[in-house]
Structure formats: C-alpha cells, structure tokens
Amino acid sequence: MAVPTYHTLVFAVAREIPPGRVSTYGAIADYLALGSARMVGWALNKSFAAGHDVPAHRVVNRKGELSGRAHFPTPTMMEELLQAEGVAVADGRVQDFEAHFWHPKALGDDFEIEALKPG
DNA sequence: TATTTGACCTTTA
DNA sequence: GTAAAGGCCAAAT
C-alpha cells in the first residue's frame, strides 16, 4: 500500500462498493481513468492471493455475469456472498443487474484521495 | 531485459 | 442479427 499501484486503486474502489450493490470492471476502469477493464479483473485476481479483504464478488462483467466465480476459493462462493447480501443471482448471473448496478463515481471526486491516505 | 498473460470492452464483418 | 477480432496496459516469469 506504500506505493499506489494499479491494484491499490482497484482494491480501494472495490472495498467501497456498498453491500447489496454490484459494479463492473468497465465502471471501475472508467472511474480510475487508467488502463483498461482487463487490468481491473487481473488486479482483483491478485486480491485474494495477496490476502486483501476485497469484496471481489461484488464486481461482475458488463453482462452482469459472475465471470470471476471460477477464481474464487469455491465456484459457488461468489454467488453465495451476493445472495447473502440480498442480490438475486441465478445461473451465475445477477438478476436486475441494472437495478443493483453501482458506479464508483457515486463516491465523489475526493474518494481517490482518501483511498491513498495512509491508514 | 523481453515475453506472456489476464475475473474485459468495443468495434467491425 | 450473430460472430469474431482487436485494443488496453500493467505485473509476473
């Protein structure tokens, strides 16, 4: 966390995703205005390996599909967590995805500064 | 130091 | 309308 790399920003934004809401790789990438959506998913992959407490289960692809479920400890963990938060998931897809969609921009323009503050 | 990979998105045929 | 390929850029090997 000492040096704000791309992961740092992705982790910070992912952590700020409110429960019961889901975001997309493109939304995070667009908010960060860096790299591309691929990097977001790639960064989240390391989130578990690095032991970060990042709610990666709240991040899905543009179609609302749980594309990253296969990378979780268990393939059903992602779906279980979302359902536990009140997000309806069926067949590996988020129901009413647009209704649960959440854009990082909702945090405000000062978030990225707060995220980089040492804590 | 150079090459390969990656939980995606957008555009064109 | 569906299908395929390209583009994006950083991190690990």
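User: Which atom of Gly-41 lies 3.4 Å from a base nitrogen of DNA strand B?
Analyst: The atom is a backbone N or O of Gly-41, and the pair counts as a polar contact, meaning N or O atoms within 3.5 Å of each other. Keep in mind that this is a predicted model, in which local features need pLDDT of at least 70 and side-chain atom pairs pLDDT 80 or more, while totals for chains, interfaces and linings use all residues. Residues are numbered from 1 along each chain as its sequence is written, chains are lettered from A and ligands numbered from 1 in the order written, and side-chain values use heavy atoms, without hydrogens and water.

User: OK, what else touches strand B, say at a phosphate oxygen?
Analyst: A backbone N or O atom of Arg-62 lies 2.6 Å from a phosphate oxygen of DNA strand B, and the side chain of Tyr-25 has an N or O atom 3.0 Å from a base nitrogen of that strand. Among the atoms of DNA strand B within 4 Å of the protein, 49% are sugar or phosphate and the rest belong to bases.

User: Which element gives the most to the surface near strand B?
Analyst: Helix 3 does, with 9 residues, where near means that a heavy atom of the residue lies within 4 Å and a helix is a DSSP run of H or I with at least four residues.

User: Switching to strand C: which residues surround it?
Analyst: DNA strand C is surrounded by Thr-5, Tyr-6, His-7, Gly-35, Ser-36, Arg-38, Met-39, Trp-42 and Lys-46. Sugar and phosphate make up 77% of the strand C atoms that come within 4 Å of the protein.

User: And what do Ser-36, Arg-38 and Lys-46 reach there?
Analyst: Polar side-chain atoms of Ser-36 and Arg-38 lie 3.0 Å and 2.7 Å, respectively, from a base oxygen of DNA strand C, whereas a polar side-chain atom of Lys-46 is 2.6 Å from a phosphate oxygen. The elements giving two or more residues to this surface are helix 1 (6-15) and helix 3 (37-49).

User: Back to helix 3, which residues are buried?
Analyst: Val-40, Ala-43, Leu-44 and Ser-47 are the buried ones, with buried meaning under 20% relative accessible area and exposed over 50%, using a 1.4 Å probe on protein chains only. Viewed down the helix axis, they fall within an arc of 100°, so they line one face of helix 3, the arc being taken over directions from the axis to the C-beta atoms.

User: What's exposed on the other side?
Analyst: Arg-38, Trp-42 and Ala-49 are exposed there.

Key:
A polar contact is a pair of N or O atoms within 3.5 Å; within protein, one must be able to donate a hydrogen and the other to accept it, and residues adjacent in sequence count only if both atoms are side-chain atoms.
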